[in-house]
Amino acid sequence: MFSHVSTAYISASTNRHPHGAAVIGSGLVASASHRFLALWDTTDANDYGVTTTLPGHDEEITVVKAFSETFVTGDKLGHVKIWRKQNDKWMPLHSWRAHKEPISAISVSQSLILTGSSDATLKTWYYTRDEAGGGQVIDLKRRYPLDIAASRLPGSSVASIIAVSTTSRVIDIYLQTAGQEIVFALSLEGHEDWIKALSFSPCTSKDDSTLTLASGGQDGYIRLWLIKPNTPKPVDPKSTDPTDELLDAFERSLNEVGLDEPGRQLSMREHVFSVRGTEGQPITYSLAFDALLVGHEASVNSISWKPESSTTPQLLSSSTDASLIIWEPIDSGAGAIWGSVQRFGDVGGQRAGGFVGSLWIHSAEIAGWGWHGGWRRWKRSSNEQEAWSEINAPTGHYGPVRGLAWSPGGEYIVSTSQDQTTRIHGPVGVSRTWHELARPQVHGYDLTDAAFVGPGALRLVSSAEEKIVRVFDAPKGFVRAVRSLGTVQWGDEQADEAARPVGASLPPLGLSNKATDKLEASNDDAPLADAPIRPPFDGELATVTLWPETEKLFGHGYELHTLAVSHSGNLVATACRATSATHAVIRLHASSNWQPIGKPLGGHSLTITRIAFSHDERMILSSSRDRSWRLFKRVEGEYEPVADNASHGRIIWDCAWSTDDMIFVTASRDKTVRVWSGSELGKALCTIKLKEAATAVALSEYGARRILAIGLENGHVLLYASALDAPDTWTHETAFDSTVASVGQVHRLSWQPGCTNPQRLAMCSEDWTTRVLDVHFK
């Protein structure tokens with residue numbers, strides 16, 4: 001029966017850590033996405049986005065570094081893993097607990113890995129293909145390492161220089177000669193705040209005689225430090241020129257008087273240090289401040305040098321001021337003056353949180369991820385040197401995804417999350433690649449559930465941790481976009497564009513989206529097209545794809561927990577959090593005039609976790625925290641209770657009807673899924689015993705068999721099948737583990753309406769991902 005499963009779409013965000021992503025030479029980006037390592041192939045012609053997620057870490061990943069064709073990751077439990085591709089699959093080669101506290105920085109140089117942690121230590125590890133072993137421990141004297149960078153010293157094949165930035169205003173420089181311990185050499189002063197990012201310029205050739213260290217701080221400045229072999233100047237004993245010591249003393253006295261404005265103190269002092277060469281002879285190097293890069297208005301979070309830069313060196317920086325800047329030396333004369341040659345992002349538009357991190361994908365493509373986990377990517381056009389244009393990049397929820405629903409015709413899905421956004425995802429273009437299409441609601445409360453109000457797919461109802469249910473209608477901009485992108489094949493009558501407002505805007509202190517006929521594009525050079533030819537970018541999703549709110553539904557006394565819409569779209573049922581029978585009720589509203597219908601449906605004593613309408617709308621099924629389910633039947637236009645059962649031992653998380661309404665199923669934390677007869681008003685038919693708590697269920701049909709998908713608390717999904725005429729016997733077909741499914745509790749499962757083979761299963765989870773799986777049957 002079951003053949004195989006493939007992934008059609010993964011929506012995943014990137015963690016809020018400045019070193020949370022890295023890229024290898026083939027253009028594959030690995031980003032830390034909650035507890036996963038998410039892989040995104042930037043060379044894919046169809047912009048597929050995240051293709052796979054690699055489970056393995058038990059806690060949020062904080063650092064990702066790349067070298068040759070390998071990734072190194074560290075997490076909040078102090079674990080470090082080395083990943084490499086073997087037989088077309090990425091596998092963790094080595095895994096060990098490096099620290100007892102979270103990993104905050106990692107540096108990889110040849111066979112040496114340096115890890116820094118919030119336990120205020122640095123540790124060295126040497127690894128080969130077979131094993132990884134520990135070495136030295138360096139105490140940072142109660143300071144927390146924020147970044148580590150390591151490089152070979154110019155003109156030496158055995159000596160390395162290591163720069164460490166900590167929760168202080170200085171950069172610590174350490175030295176190491178092959179096979180020797182790492183020794184502290186000196187501290188670099190100059191920044192006015194903590195230093196968040198360090199990067200050594202790439203060694204382009206063997207005879208490169210200088211090395212540059214770039215440091216970016218929370219003071220908003222980037223400093224460049226030049227390291228070169230030192231040629232001692234002959235000292236003339238008769239000379240009356242002031243000595244270095246005298247100049248240093250003079251500089252210090254200036255700083256004490258405070259003549260310079262803070263942050264602009266430029267110490268030109270030259271630090272001198274020596275290391276042993278290959279034959280044991282000492283080589284002397286000088287390290288001095290070289291340039292100050294001023295342009296960011298807030299903390300600099302990450303900096304990286306352009307890879308394989310044969311011509312001019314370029315530096316990419318990202319900042320909390322919501323901009324990315326590419327810097328290069330403008331004057332190659334005696335003193336290099338650096339300036340910004342290109343600026344990306346929202347100039348001067350303090351978008352919340354700005355960019356967390358950025359990287360060069362290759363020399364003509366850059367990408368950065370923002371505070372809310374979404375990526376933005378720019379590519380340089382091949383003919384003009386400095387003409388950059390934005391292209392598609394992955395986005396995803398930044399919080400557990402609680403609600404998920406297909407549109408009635410199965411065109412696209414809506415998801416809601418505790419990151420306070422509602423998002424619509426759907427397939428685009430000839431390739432049918434999935435993308436995020438709109439963000440109808442960006443709210444001030446955590447969202448709990450959403451569903452489309454049929455018969456069309458252009459009205460949405462959503463609930464959040466507030467007492468109001470909100471109703472949204474699609475604006476003209478969204479209808480135009482899904483039609484021109486080929487997501488839907490609708491006629492003019494169905495789309496009804498003329499009557500719709502262009503878009504919506506959110507008042508500065510409001511929670512309700514107001515309809516508007518004038519949309520502000522996020523940047524002036526790209527006004528919104530009448531018929532877009534590409535999905536919206538992350539910057540546009542947050543601003544111009546809102547849906548106007550048309551109605552509010554009241555009545556509940558506490559925060560809303562779940563909602564359901566009948567299959568015809570005539571009825572909307574809602575339930576709120578409850579600790580007593582008074583509030584544990586279902587309220588029904590008619591979608592024609594949004595008036596309440598009949599009395600609230602009572603009977604439960606605690607929060608109702610899920611409501612499900614039967615397909616013919618004669619029945620309403622509800623499950624609850626009080627471990628019971630209840631069935632209500634329509635009698636003369638009103639619903640009345642006809643059956644209930646409390647045989648589950650723990651909370652019932654989910655319930656669902658079969659497509660023919662002959663049976664319904666309930667999923668509970670007592671590690672069972674139970675099948676009941678719908679025609680005989682809840683007669684028990686079968687109990688499926690599981691090894692984990694069941695948290696979500698969905699039923700479908702294929703080839704005269706019922707297909708039951710069960711989501712578990714550990715993120716796995718199980719498939720069971722049964723003949724249509726034998727609903728009391730179920731056989732286990734297959735299980736999707738965390739390489740295909742999730743690593744956190746599955747909140748919702750939903751089969752695409754009207755889908756044959758492959759059947760399409762959408763799922764959302766506690767691990768912040770929304771996935772669409774293609775389940776193929778024989």
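**Strands, a cavity and a pocket**

Student: Which residue takes a positive phi in the hairpin of β21 and β22?
Tutor: That's G280, with a phi near 90°, in a hairpin that has five residues between the strands. Strands here are DSSP E runs of at least two residues and helices are H or I runs of at least four, numbered from the N terminus. Two strands pair if DSSP finds at least two bridges between them.

Student: Anything I should know about the model first?
Tutor: It is a predicted model, so to speak plainly: local features need pLDDT of at least 70, side-chain atom pairs count only at pLDDT 80 or more, and totals for chains, interfaces and linings use all residues. Residues are numbered from 1 along each chain as its sequence is written, and side-chain values use heavy atoms, with hydrogens and water left out.

Student: OK, how many bridges do β21 and β22 share?
Tutor: Seven, in the antiparallel sense, with β21 covering residues 270-276. V272 sits opposite S286 of β22.

Student: And how is β20 joined to β22?
Tutor: By nine bridges, again antiparallel; β20 spans residues 221-229 and β22 residues 282-294. There, L226 faces A288 in β22.

Student: Switching to β7: how many of its residues are buried?
Tutor: Six of the six, so β7 (residues 70-75) is largely enclosed by the rest of the structure. Buried means under 20% relative accessible area, exposed over 50%, and partly exposed in between, with a 1.4 Å probe and protein chains only.

Student: Which residues are on each side of β7?
Tutor: T70, V72 and G74 lie on one side, and F71, T73 and D75 on the other. In a regular strand, side chains alternate between the two faces of the sheet.

Student: What does β7 pair with?
Tutor: β6 pairs with β7 in the antiparallel sense over six bridges, and I61 stands opposite D75. β7 is also joined to β8 (residues 79-86) by five bridges, antiparallel as well, where T70 has R84 as its bridge partner.

Student: What about the turns on either side of β7?
Tutor: The hairpin of β6 and β7 has two residues between the strands, and S68 takes a positive phi near 40° there. The hairpin of β7 and β8 has three, with G78 at a positive phi near 90°.

Student: Now pockets. How much space lies in the largest pocket?
Tutor: About 1,500 Å³. It is lined by 43 residues, with A66, S199, F200, P202 and W305 closest to its centre. On a 1 Å grid over the protein atoms alone, a pocket is an open set of points with protein on both sides within 12 Å along at least five of seven lines, while a cavity is a set where a 1.4 Å probe fits but cannot get out; lining residues have an atom within 4 Å of a point. Points are joined across faces, edges and corners, and a volume is the space filled by probe spheres set on them.

Student: Which strand gives the largest share of that pocket's lining?
Tutor: β14, with six residues.

Student: And how many cavities are there of 30 Å³ or more?
Tutor: The count comes to one. The largest cavity has a volume of about 200 Å³, and its lining takes in 20 residues, of which A393, P394, T395, H435 and E436 lie nearest the centre. β34 supplies the largest share of that lining, three residues.

Student: Next, R760: buried or exposed?
Tutor: Buried, because its relative accessibility is 19%. R760 lies in strand β57 (residues 759-765).

Student: What does the R760 side chain join up with?
Tutor: The side chain of D774, through a polar contact of 2.7 Å. A polar contact is a pair of N or O atoms within 3.5 Å; within protein, one must be able to donate a hydrogen and the other to accept it, and residues adjacent in sequence count only if both atoms are side-chain atoms. Leaving aside neighbours within four places in sequence, R760 is in contact (heavy atoms within 4.5 Å) with residues including W406, W434 and W751.

Student: Last one: what is the strand order in the open sheet with β50?
Tutor: β48-β49-β50-β51, with antiparallel pairing. β48 (652-657) and β51 (683-689) stand at the edges with a single partner strand each, so one side of each has no neighbour in the sheet. Within it, six bridges join β50 (residues 672-677) to β51, and W676 stands opposite A684.
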